[in-house]
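Colleague: I would like a close look at just one part of this model, its salt bridges. How many salt bridges does the structure hold, and which residues are linked in a network?

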Amino acid sequence: MRKAAQIAGAAAVAAMLLSGCGSSGDKGSDSAPSKAPESGPSTPGGGDKAPGGKAFEGPWKAGSADSPLVLVVSHGTVAFAEGHKTACMGKVQEMGGTAMAVLTCSKGDDSRTMGTLRPGSDGKTMTVEWKNGPTEKYTKVTDGSVKVPDMPKMPDMPSS
């Protein structure tokens, strides 16, 4: 039951994330800026209590207009959405000195359940190498086109 609630929560967060991913030409006055703090480049582990520091905080986009990928990191919680196909939620964890996104996804999709997060040197890009899936390059969203909901604090995940 708890897992079902987590997946339902991930789906709700993903739906909220995607609702803010309209066309880039939509710059109406009702678009609120992201609640995530803007951060410059930093090294993993530096300056923040969450694993990975501030290097990963905030909303990130990849993919295309037809198949958008959205990844949001907030205070150690991470949410991922692939269009309306998949919604995932989990935590950023430090494993062997490397920041990893550890997610539970809806619909049994396991292509993006564990990924290595690597910040770009410019602070505006991030590469995610998914264990069972692709390697993707994300760009930090600073124009408010991705609305970041208040992310729930995820409980510690048991070790397998």
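**The salt bridges in their setting**

Modeller: Happy to, and the surface makes a good start: about 8400 Å² of the chain is exposed, with carbon and sulfur atoms supplying 53% of that (accessible areas come from the Shrake-Rupley method with a 1.4 Å probe, and for residues only the protein chains shown count as cover). Please keep in mind that this is a predicted model, in which local features need pLDDT of at least 70 and side-chain atom pairs count only at pLDDT 80 or more, while totals for chains, interfaces and linings use all residues. Residues are numbered from 1 along each chain as its sequence is written, and side-chain values use heavy atoms, leaving out hydrogens and water.

As for the fold, one helix and eight strands make up the secondary structure, in the order α-β-β-β-β-β-β-β-β (both are DSSP runs numbered from the N terminus: helices are H or I with at least four residues, strands E with at least two). Among the 160 residues, 44% count as buried; that means under 20% relative accessible area, with exposed being over 50% and partly exposed in between (1.4 Å probe, protein chains only).

Now to your part. The structure holds three salt bridges, each a side-chain nitrogen of Lys or Arg within 4 Å of a carboxyl oxygen of Asp or Glu. The network you asked about links Glu-82, Arg-112 and Glu-136. Arg-112 pairs with Glu-82, their closest N and O atoms lying 3.2 Å apart. Since Arg-112 sits in the loop between strand S5 (98-105) and strand S6 (114-119) while Glu-82 belongs to strand S3 (residues 77-82), this pair ties together parts 30 residues apart in sequence. Arg-112 is buried, at 8% relative accessibility, and Glu-82 is buried too, at 14%.

Arg-112 also forms a salt bridge with Glu-136, where the closest N and O atoms are 2.4 Å apart. Here strand S8 (residues 135-140), home of Glu-136, is tied to the loop between S5 and S6 that carries Arg-112, so parts 24 residues apart in sequence are joined. Both of these residues are buried.

The remaining pair to show you is Arg-118 with Glu-129, at 3.0 Å from N to O. Arg-118 lies in strand S6 and Glu-129 in strand S7 (residues 125-130), so the parts tied together are 11 residues apart in sequence. In this pair Arg-118 is partly exposed at 39% relative accessibility, and Glu-129 is partly exposed at 32%.
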